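Please look over the sequence and the structure shown below before reading on. The report that follows takes up the helices, the sheet and one loop residue in turn.

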Amino acid sequence: MGLFDFLLHRPDFEEGLERWRAVPGAVLLDVRTPEEYRSGHVPGAVNLPLDRLHERELPADRPVFAYCLSGARSARACAWLKRQGHEAVNLGGIGGYRGPLETKG
């Protein structure tokens with residue numbers, strides 16, 4: 001694998017979820033709107049919309065794995081979290097995810 005292959009390879013959503021599950025105590029953060037969250041989210045995910053991220057303190061000693069619909073909002077959330085000193089991983093978008101979803105909010 002060359003350098004560009006490494007840089008261009010982005011784990012898919014399922015791989016990211018496996019990484020989240022493998023880290024005890026890690027936070028799975030859904031940064032979509034409450035309406036989007038209620039329409040279907042990954043079991044175990046906590047909803048904290050991007051525009052309200054600054055309103056809630058997340059545990060600094062636990063890594064955060066964030067997702068949204070396409071990956072754009074979660075990228076912005078991870079950038080902000082990293083500036084705050086958090087370990088944050090962008091899982092990307094749930095748009096193509098075909099696994100189990102919860103619809104309760």
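## Helices across the sheet

In this predicted model, helix α4, which covers residues 72-83, lies across β1, β3 and β4, and runs at about 175° to β4. Helix α2, made of residues 13-22, also lies across β1, β3 (64-68) and β4, with an angle of about 150° to β4.

## The sheet

The strands over which these helices lie belong to an open sheet of four strands, arranged in the order β2-β1-β3-β4 with parallel pairing. At the edges are β2 (46-47) and β4 (88-93), each of which pairs on one side only.

Strand β1, residues 27-30, runs parallel to β2 and is joined to it by two bridges. Across this pairing, Leu29 stands opposite Val46 in β2.

## Arg32 in the loop after β1

Between β1 and α3 (34-39) there is a loop, and Arg32 lies in it. Is Arg32 buried or exposed? Its relative accessible area is 4%, and because buried means under 20%, Arg32 counts as buried.

The side chain of Arg32 makes a polar contact with the side chain of Asp30 at 2.8 Å, and the Arg32 side chain also reaches the backbone oxygen of Gly40 at 2.7 Å. When residues up to four places away in sequence are not counted, the residues that Arg32 touches include Tyr37, Gly40, His41, Asn47 and Pro49, and also Tyr67, Cys68, Leu69, Arg73 and Ile94.

How values were computed:
Residues are numbered from 1 along each chain as its sequence is written. This is a predicted model: local features need pLDDT of at least 70, side-chain atom pairs count only at pLDDT 80 or more; totals for chains, interfaces and linings use all residues. Side-chain values use heavy atoms; hydrogens and water are left out. Two strands pair if DSSP finds at least two bridges between them. Contact means heavy atoms within 4.5 Å. Axes are lines fitted to C-alpha atoms, for helices over the stretch in contact, and angles run from 0 to 180 degrees between N-to-C directions. Buried means under 20% relative accessible area, exposed over 50%, partly exposed in between (1.4 Å probe, protein chains only). A polar contact is a pair of N or O atoms within 3.5 Å; within protein, one must be able to donate a hydrogen and the other to accept it, and residues adjacent in sequence count only if both atoms are side-chain atoms.
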